[in-house]
Amino acid sequence: MLGIMFGTMALIIILSAFNGFEEIIGKLYGSFDSDVKILPVSGKYFVPDIAKMRQITQMPNVKAITPVIEENALFKYRSNQALGTFKAIDPAYIKSSGVDTMIVSGDDVLYQDSTFYALLGGGIGNKLDIHGHDEIHPIQVFIPKKGVEISSLNPENALAKKEIMYGGIFSIQQDFDTRYIILPIQFARTLMEDRKNVTAVEINLKDKNSVDAFKAEVKNIMGRDFQVLDRFEQQPTLFKVMHTEKAAVYLVLSFILLIATFNLIGALLMLALEKSKDMAILISMGAKPKMVQRIITYEGLILSLSGALIGLVLGGIICWLQIHFGFVKLGGENSTFVVNAYPVAFEPLDFVLVFVTVVVLGYLASWYPARMANKKIGVDVLSSRR
């Protein structure tokens, strides 16, 4: 029972830790990705339908909506250059995203006093060597002009260039920090000389628990030519890897639980041997062999269920203590991790899954000794009658 208890406790603690990391990563990516993103099924650019956009904007769950333009570009600040991607959005949208809470230097402003500002990822900020507020030197943004061939004599003629002032630096996650610069969409439209096309439409919601229902409504409005993605679908590889890792850990620890149940098999076999005379007496009094088999099976289920329940309770208590007190730390005092302690999050389905796993393994571990005991008792009864 103790072996099953410790195996159950370890399984629920580790699965809860995986939930905690998934929650942390979801929040980090949620600071940049929107709750819902509308993309064309084919092609990169599309022209938003004004009537459909108005219909989506008027939906009660919409907190903020913005057209988005994403394009690769070359950025130059003074003598430093960096390649990256700009994400152009409506300046008012920044307050509904999580980027405004991730600013580590400067201000979370894209447009103020008739001036456009850029928000840089920390990695690009380091490449451009921007370390503070600069009202003198602008950031130059270069993109290829559409339909213009690059000349070997003067390649700059094939590039569109526009200058923008430094606004601030955000730090979310390495993938974003080393790649993205956030720009006002009016600035990007002028740079690209295109007032209509966008690459996506992003939406943030008031009630984030009703994303699935909202997606279905938007899908009906937009039609088959568009795909509507939630946060997880916008980063499919990342979350598939996390779920695969969690499933692998669950299988490994389930095998450890299976090994723990071998102790249960041994204990029940010894019990059957010790009580063989008593069981033979029961059969002689008229009890059927199936009844004796059920006794052994119930004995094993009681042991496994007791270990499972105690393990779930202890695992839940340890996770609760970690959530509130964080006694297991990540790194030392000068750690640069996003969180100081191992993140933990409860998922009711994990408790159900672990309990069902222990019950199934406990039943299988009880069935074999019960069957062997039934055969042995039958042989003993026949021998005694002869």
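**Note on helix packing, cores and selected residues**

1. Helices H2 and H6 are roughly antiparallel to each other, because the angle at which they pack, about 160°, lies over the 145 degrees that counts as such. The model is a predicted one. H2 covers residues 50-57 and H6 covers residues 211-222, and their axes are 10 Å apart. The crossing of the two helices is right-handed.

2. The contact of H2 with H6 involves Lys52, Met53, Gln55 and Ile56 on the H2 side. These meet Phe214, Val218, Ile221 and Met222 of H6. By class, the residues of this contact are six nonpolar, one polar and one charged.

3. A second helix pair is H1 (residues 2-30) with H8 (residues 236-274). Their axes are 9 Å apart and the packing angle is about 175°. H1 is therefore roughly antiparallel to H8. The residues of this contact divide into 18 nonpolar, eight polar and three charged.

4. The largest nonpolar core has 44 residues. Ile56, Phe86, Leu120 and Phe214 have the most contacts inside this core. Two of these names recur from the helix contact above: Ile56 in H2 and Phe214 in H6. Apart from the largest core lies another, of 22 residues, which includes Ile4, Ile296, Ala308 and Ala365. In soluble globular proteins, nonpolar side chains tend to be buried together.

5. Leucine 120 can be followed further through its contacts. Leaving aside neighbours within four places in sequence, leucine 120 is in contact with Gly125, Leu128, Ile130, Ile139 and Tyr166. The list continues with Gly168, Ile169, Phe170, Tyr180 and Ile181.

6. Valine 201 lies in strand E10, residues 200-205. Its relative accessible area is 1%, and because buried means under 20%, valine 201 counts as buried. Leaving aside neighbours within four places in sequence, valine 201 is in contact with Val36, Lys37, Ile38, Phe46, Met53, Ile65, Thr66 and Pro67. Among them is Met53, which also takes part in the contact of H2 with H6. The C-alpha atoms of valine 201 and glutamine 140 are separated by 26 Å, the two residues being 61 apart along the chain.

7. Lysine 127 is found in helix H3, residues 122-128. With a relative accessible area of 46%, lysine 127 is partly exposed, because this value lies between the 20% and 50% limits. Not counting residues up to four places away in sequence, lysine 127 touches Asn80, Gln81, Ala82 and Thr178. The C-alpha atoms of lysine 127 and phenylalanine 239 are 29 Å apart, with 112 residues of separation along the chain.

8. Arginine 78 deserves a check of its backbone. Its phi is positive, about 55°, although arginine 78 is not a glycine. The residue lies in the loop between strand E2 (62-77) and strand E3 (80-89). Arginine 78 counts as exposed, because its relative accessibility of 54% is over 50%.

9. Serine 114 also has a positive phi, of about 60°, and is not a glycine. Serine 114 is found in the loop between strand E5 (111-112) and strand E6 (115-121). The relative accessible area of serine 114 is 63%, and the residue is exposed.

Technical notes: Residues numbered from 1 in each chain as written. Predicted model: local features only at pLDDT ≥ 70, side-chain atom pairs only at ≥ 80, totals over all residues. Heavy atoms only, no water. Helix = DSSP H or I, 4+ residues; strand = E, 2+ residues; numbered from the N terminus. Buried < 20%, exposed > 50% of the residue type's maximum accessible area, 1.4 Å probe, protein only. Contact = heavy atoms within 4.5 Å. Core = buried A, V, L, I, M, F, W, Y, C linked by side-chain atoms within 4.5 Å. Axes fitted to C-alpha atoms, helices over the stretch in contact; angles between N-to-C directions. Parallel < 35°, antiparallel > 145°, perpendicular 65-115°, else oblique. Left-handed = near helix turned anticlockwise from the far one by under 90°. Nonpolar A, V, L, I, M, F, W, Y, C, P; charged D, E, K, R; others polar.
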